[in-house]
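I am opening a notebook on this model and will write down each thing I looked up, in the order I came to it.

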Amino acid sequence: MYKGHARAYTNIALIKYWGKADQELILPMNNSLSLTLDAFYTETSVTFSSEYTEDQFYLDQQLQDQKATAKVSRFLDLIRNRAQSQLFAKVVSQNFVPTAAGLASSASGLAALAGAASAALGLPLDKRELSRLARRGSGSASRSVYGGFAEWVKGDSDETSYAVPITSDGFEEDLSMVFVVVNDHQKDVSSRDGMQRTVETSAFYDGWLATVPQDLAKARAAIQAKDFQALGEVTEASALKMHGTTLAAVPPFTYWSAESMRAMNLVRQLRNEGLPCYFTMDAGPNVKILVERKHEVALVKQLQDYFSSEQLITAHAGPGIKIMMKEEDA
């Protein structure tokens, strides 16, 4: 019996990834840049044993159906092949983040699975190799291997697509991200389906793609200069452009809700009134607001006039993946 246990934290892309160049290998159309956060994470244990006759997958204490288990099995096959093992596994995963609600549970979930399973089978992977492996389960998971800022390099092959950490001289410690959870239910259009539809049909997609290198350069420069305003401006612009591509897809769709719009308009209003803050959104209706830590309390106080306390979650920079246990039982 071989066991491994890992905890990985979610990350939020400041410069967005939207679209795959290779569906099978999960190679992205563009680089992306993220901040790993401390508020949401996944803990996963993986046990391989000759006693098991099939893979089992438990998520939040519920045995998962055949479809969900098959996805986990396909990912475990990558690790089994590398470790030259034919053992089946029991995977027990606990999400401390709402699943499929635009809060990036797939990033923390697949990074934790990659870390736990590779540790269980004794694969000595460094961070770059672990990032490559996590990417095969979920693209954004490649970035959750690292704490703080990370950039996922798109590459052009399995070997060249992985995330790298961005040194920032502690700038991430000056930042907070306030989540406005307007909907924690499963979304109508998954990230994977929405992404593919956009790449294949959106008249706006090429325009979005052309602007990403410039946005990445602005974000990297802002991080090095510890320039919050510059980072906030490019973060908000990247999110708006990404979501704009979905409106020109066929058929068109959007992840925004009326409450999403309300939160975004409020951010603009507060900024005009002198409170520096900027929003971003992923493939879901929830709004994330980037703010300097020194203004965090003031921002939350303003938001509480429009949203309940239960809807507001504050996060700070989080750590990279933690392999919490590695043991082999006879």
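In which strand is the place of Val91? I note first that the model is a predicted one, and then that Val91 belongs to strand 7, which covers residues 88-96.

**Entry on Val91.** I looked up the exposure of Val91 and found a relative accessible area of 1%, which is under the 20% cut-off, so I record Val91 as buried. Setting aside neighbours within four places in sequence, I listed the contacts of Val91 as Thr44, Ser45, Val46, Gln56, Phe57, Tyr58, Val72, Leu76 and Leu113. I also checked Val91 against Asp206, and their C-alpha atoms are 40 Å apart in space, with the two positions 115 residues apart in sequence.

**Entry on helix 2.** I turned to helix 2 (residues 105-120) and compared its length with expectation: at 1.5 Å a residue its 16 residues should span 22 Å, and the end C-alpha atoms are 22 Å apart, which agrees. I then counted burial and found that 15 of the 16 residues of helix 2 are buried, so the helix is largely enclosed by the rest of the structure. After helix 2 comes Gly122, and I noted that its phi is positive, near 70°.

**Entry on helices 1 and 3.** I fitted helix 1 (residues 66-83) against helix 3 (residues 127-135), and their axes come within 10 Å and cross at roughly 140°. Because angles over 145 degrees would count as roughly antiparallel and this one does not reach that, helix 1 is oblique to helix 3. On the side of helix 1 I listed Phe75, Leu78, Ile79 and Arg82, which meet Glu129, Leu133 and Ala134 in helix 3.

**Entry on the sheet.** In what order do the four strands of the open sheet stand? I read the order as 11-12-10-13, with antiparallel pairing. Strand 11 (277-281) and strand 13 are at the edges with a single partner strand each, so one side of each has no neighbour in the sheet. From one strand to the next, the twist averages 25°.

I went through the pairings in that sheet one at a time. Strand 11 is joined to strand 12 by five bridges, and Met281 has Val287 as its bridge partner in strand 12. Strand 12 (residues 287-292) pairs with strand 10 over six bridges, where Lys288 is the partner of Phe179. Strand 10 pairs with strand 13 (residues 312-315) over four bridges, and there Val180 stands opposite Leu312.

I looked at strand 10 (residues 175-180) again for burial, and since six of its six residues are buried, I record the strand as largely enclosed by the rest of the structure. Leu175, Met177 and Phe179 point one way, whereas Ser176, Val178 and Val180 point the other way. Such alternation between the two faces of the sheet is what a regular strand shows. I also noted that helix 7 (residues 258-272) lies across strand 10, strand 11 and strand 12, running at about 160° to strand 11.

**Entry on the nonpolar cores.** Which residues touch the most other members of the largest nonpolar core? Among its 72 residues I found these to be Leu33, Phe149 and Leu231. Helix 2 gives this core its largest share, eight residues. Another core of 20 residues lies apart from it, and includes Cys277, Met281, Ile289 and Val300. For Leu231, again without neighbours within four places in sequence, I listed contacts with Leu14, Phe149, Phe171, Leu175, Ala219, Ala222, Ile223 and Leu290.

Technical notes
Residues are numbered from 1 along each chain as its sequence is written. This is a predicted model: local features need pLDDT of at least 70, side-chain atom pairs count only at pLDDT 80 or more; totals for chains, interfaces and linings use all residues. Side-chain values use heavy atoms; hydrogens and water are left out. Buried means under 20% relative accessible area, exposed over 50%, partly exposed in between (1.4 Å probe, protein chains only). Helices (H or I, at least four residues) and strands (E, at least two) are DSSP runs, numbered from the N terminus. Two strands pair if DSSP finds at least two bridges between them. The expected span of a helix is 1.5 Å times one less than its number of residues. Axes are lines fitted to C-alpha atoms, for helices over the stretch in contact, and angles run from 0 to 180 degrees between N-to-C directions. Contact means heavy atoms within 4.5 Å. A nonpolar core is a set of buried Ala, Val, Leu, Ile, Met, Phe, Trp, Tyr and Cys residues joined through side-chain atoms within 4.5 Å. Angles under 35 degrees count as roughly parallel, over 145 as roughly antiparallel, 65 to 115 as roughly perpendicular and the rest as oblique.
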